[in-house]
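Please open the model in your viewer and keep the selection tool at hand, since this tour goes from one selection to the next. At each stop, a short description follows of what is there.

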Amino acid sequence: MTGVFINYRNSDEPYAAALIDETLKGRFGSHNVFRASRSNTPGNDFRTQILGRLRECTVLIAVIGNGWLDTRDAEGRQRLFQSEDWVRGEIALAFAEGLHVVPVYVTGAAAPQAHELPVEMEQLAHQHGVRLHHRSVGTDLERLAAAVERWVPDLRLDALLEPASSAPPWGLPSALLRPEHQVVPFEEPAGRQGLKQLAAWCERDGSAPVLLVTGAAGQGKSRLARRLCERLRAERWTAGLVSPDSPSSVLERIRDVVRPALLVFDAAESRQEELSAALTALGALARRPGTAPPVRLLLLARRGGDWLDRIHVDDDWAAEVHGSIETLSLSAPAWDQRSREREFVRAMEAFAARLGVALPSVRPQAPAPQELESPLDLHGAALEAVLDLNRNHENGSAGTEPDVFGRVLGRERGYWRRTAKAFQLAPADLGRFDQTAAAATLFGAADHAEAVRTLGALPAFRGAEGWTMVKYIDWAQSMYQGPAALSALRPRRLGEIQVAQVLIRHPDFLECLPSVSDAQAFRALTVLGRALARDQRVQGHIAAVLRTAPDRLVPLALDAVLALEEPAALVAEIAATLRDAEAAVLDRALDALPQRSTVLAQLAADMTRWARTAHRARADADPLKSALSARRFAQRHNYLGANLDEALAAASEAVDRFALLSRTDPALVAELAEAQAVSALLLNDTGRHAEALVAGAAALATYRRLPPGAERRHTAGLATALNNQAIRATRQGDRQTALAHAQEAVDLAKGLVVADRRAHLSLLADALDTLATVTADRGAALDVGAETLALRRELAARRPDAYESQLAATSYNLSVLSARAGRLEDARELATAALAHYERAVNRHPGRFEGELAKVRRALDRLDPTEGSEEP
């Protein structure tokens with residue numbers, strides 16, 4: 001552990017010690033700076049606390065004023081030469097333990113001479129010090145902080161990490177379930193080896209620097225990460241969970257680390273700005289001369305997906321790190337009845353021991369198993385069983401909620417009522433308690449000022465005095481500890497139920513959403529999306545508030561969709577918001593959509609229809625906006641594979657409009673090329689193959705009219721058009737032209753991937769897939785196909801929603817190539833993999849990919865060795 005210990009005398013310039021404490025706390029975090037009068041915990045032996053903390057620190061700052069050397073006791077004896085003098089003992093121990101000792105001379109104090117000091121302190125006379133003068137206090141304190149940072153660079157990094165939590169109020173049921181308190185000791189479910197895998201990833205040379213661990217709520221991601229951090233800290237790593245809303249200026253310090261570090265980002269799907277800064281710093285670390293220590297970022301999220309691609313990085317090195325993110329999935333435990341009962345009893349015994357409850361000799365039985373049951377589900381049931389046995393439990397009724405966490409929340413509210421008097425909030429106003437807890441979960445607050453503003457916007461606090469909100473903030477911080485001024489109810493499922501119930505009881509609660517910051521609004525919409533998926537009674541509330549500020553809130557809601565494991569309910573709320581929106585609102589919402597997302601594909605297509613209708617209805621319709629609207633309609637419906645004839649008509653309209661507009665504005669030539677390319681796709685998909693080949697050739701010719709060094713997106717457009725034209729040429733039997741187009745597309749895509757791997761890896765996979773299909777040499781085709789498959793697996797691991805169907809298609813294509821080369825066992829294995837991928841895609845999106853699934857099944861039937869083998 002690292003830290004700074006401030007050594008001082010209460011009788012000699014104590015204000016200087018307080019100033020130093022405030023400065024270093026702000027820079028390194030309060031948990032990394034020890035000053036006895038602030039840091040000692042009441043009720044504990046101060047001697048043990050002081051000496052124990054000193055041994056954990058790396059730097060001791062000795063505050064020396066004019067009276068420091070000659071301070072005497074009541075009998076006139078010089079304190080420094082008394083064995084029980086704490087100043088002497090702390091400095092002597094610091095030298096003995098090898099700490100950096102920094103004397104700070106306050107307002108003209110002289111440095112002591114060696115002969116004026118006890119023998120064990122003589123080295124202090126030779127230590128380079130820092131001056132602190134009232135006329136230059138700001139500059140002097142900054143110099144001191146910078147010096148500390150030079151000696152211990154990792155201290156700044158350690159300031160990112162959540163401090164160790166103090167003991168919570170154990171009467172609060174949720175506190176017993178929080179992962180940081182480890183009431184139920186960590187134990188991996190049978191069959192999982194997550195800790196072993198993560199430790200190997202951290203310690204192995206050449207590991208990808210960033211790993212995403214995904215799993216449904218309650219699968220134990222946070223507990224697993226905390227156990228990993230404990231293990232690595234014992235091996236002298238800097239390791240811990242990064243505090244939410246960490247500033248970019250601190251995250252940049254990752255590039256300066258001098259020892260191994262593991263930084264864990266919990267709820268990573270809602271922390272894109274922080275991850276952008278962290279990835280940029282990792283890129284800078286990779287460029288650092290010499291050998292840098294291993295630094296690992298561990299991202300915890302309920303799912304992967306498009307949110308990963310929304311992490312913005314400008315630096316090429318950072319983009320390479322971004323493109324190398326690997327994924328590890330935690331599935332539900334494969335419990336049999338015996339192991340499930342054992343886990344239930346283990347959790348019950350831990351909760352009972354913490355609460356002082358005697359368990360009966362015949363233990364309550366675990367409830368009936370649930371589908372995809374998580375460890376948290378079982379622990380919640382065990383907690384409820386213990387609370388039911390607790391005769392002294394005063395938290396009131398669990399209520400009649402069908403969900404165990406809803407019943408735990410009923411007891412939680414009972415505890416809130418009991419605390420009202422202690423916080424001078426009696427008589428208890430449950431509406432204010434409810435809304436404070438819901439706001440802490442929905443919005444959070446980085447600092448006290450934001451917390452006051454957030455509570456002040458809630459219906460329950462309208463017209464309330466500022467001191468009232470301060471009392472409720474103090475209450476919330478005591479109940480739900482964390483680094484922020486307002487921290488969410490945890491486990492998160494408990495918070496999501498609380499939010500849903502508050503919305504049902506207080507329909508005007510969300511009226512405050514437009515007034516909070518973008519970061520708070522995005523967090524709120526993510527939580528609301530999860531609450532809505534669990535409780536349909538929330539339906540309509542989100543759409544109502546989105547309509548109040550659609551330009552700002554709809555793009556944030558679209559981003560929130562990408563972070564959800566069950567996004568359909570939030571997508572429906574967004575659709576309800578936009579269905580009758582103005583053209584300008586729809587255009588801005590369309591600009592915010594990801595280029596490729598299966599989960600948003602239908603909404604995107606619908607939005608283009610509504611936008612096109614809105615533009616046509618305007619008497620003063622802008623020709624350029626109308627052209628863009630028509631092309632968007634064609635593109636989105638082509639991706640969806642629906643209303644193709646109507647989409648083709650829109651594409652033709654876009655081509656005609658852009659052809660006319662580009663005559664007077666050459667900047668629109670690229671837009672014309674894109675419209676022609678979309679038209680060619682739709683002609684092909686509607687069976688007009690010869691016309692598609694002509695339209696594709698026109699698109700290529702238009703792209704080639706663009707000046708050399710055109711924007712990267714136009715180069716990507718050309719590569720895409722070449723790839724699609726190669727496919728059309730193959731269909732027409734012109735393999736020579738197809739091969740030339742496919743090879744050029746691959747060459748362009750490889751150049752784009754070098755510049756930005758994450759943005760263009762899918763394009764390269766598309767081009768390689770086509771090249772494998774048109775390559776005549778079967779061995780070479782298989783090599784290209786294997787390269788394609790590796791890229792598809794990488795893409796699908798990051799974003800299964802967008803890329804698993806493409807992984808299935810490539811697996812099937814490579815199965816065909818393997819069968820043609822006589823490698824029938826490989827062909828069967830690849831076709832089986834394709835079938836599994838398509839089945840998952842169909843389960844995720846009913847009605848999609850049914851034709852592809854049937855094709856793969858037919859191929860497997862033909863490859864069945866019991867039926868005879870032939871090419872699929």
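Begin by selecting Gly283, which has its place in helix α10 of what is a predicted model. Is Gly283 buried or exposed? Its relative accessibility is 0%, and because buried means under 20%, Gly283 counts as buried. If you now show the surroundings of this glycine, leaving aside residues up to four places away in sequence, you will find that Gly283 touches Trp317, Ala318 and Val321. Add Ile254 to the selection as well: Gly283 and Ile254 are 29 residues apart along the chain, and their C-alpha atoms are separated by 9.8 Å.

Next, widen the view to two whole helices by selecting residues 272-287, which form α10, and residues 316-323, which form α12. The axes of these two helices come within 7 Å and cross at roughly 110°, which makes α10 roughly perpendicular to α12. Seen as a crossing, the passage of α10 over α12 is right-handed. To display the contact itself, select Leu279, Thr280, Leu282, Gly283, Ala286 and Arg287 on the α10 side, together with Trp317, Ala318, Val321 and His322 on the α12 side. Coloured by class, this contact of α10 with α12 shows six nonpolar, three polar and one charged residues.

For another helix pair, select residues 14-28, helix α1, and residues 137-151, helix α5, whose axes lie 10 Å apart and which pack at an angle of about 50°. Helices α1 and α5 are therefore oblique to each other, and their crossing is right-handed. From α1 the contact takes in Leu19, Ile20, Thr23, Leu24, Arg27 and Phe28, while α5 brings Val137, Leu141, Glu142, Leu144, Ala145, Ala146, Val148 and Glu149. By class, the contact of α1 with α5 has 10 nonpolar, one polar and three charged residues.

Then turn to the nonpolar interior. Which residues touch the most other members of the largest nonpolar core? Select Phe265, Phe351, Ile574 and Leu578, which do so among the 141 residues of that core. Staying with Leu578, and again not counting residues up to four places away in sequence, show Val554, Val585, Leu586, Ala589, Met607 and Trp610, since Leu578 touches each of these. As a last stop, select Ala673, Val746, Leu771 and Val774, which are among the 42 residues of another core that lies apart from the largest one.

Definitions and conventions: Residues numbered from 1 in each chain as written. Predicted model: local features only at pLDDT ≥ 70, side-chain atom pairs only at ≥ 80, totals over all residues. Heavy atoms only, no water. Axes fitted to C-alpha atoms, helices over the stretch in contact; angles between N-to-C directions. Helix = DSSP H or I, 4+ residues; strand = E, 2+ residues; numbered from the N terminus. Parallel < 35°, antiparallel > 145°, perpendicular 65-115°, else oblique. Left-handed = near helix turned anticlockwise from the far one by under 90°. Contact = heavy atoms within 4.5 Å. Nonpolar A, V, L, I, M, F, W, Y, C, P; charged D, E, K, R; others polar. Core = buried A, V, L, I, M, F, W, Y, C linked by side-chain atoms within 4.5 Å. Buried < 20%, exposed > 50% of the residue type's maximum accessible area, 1.4 Å probe, protein only.
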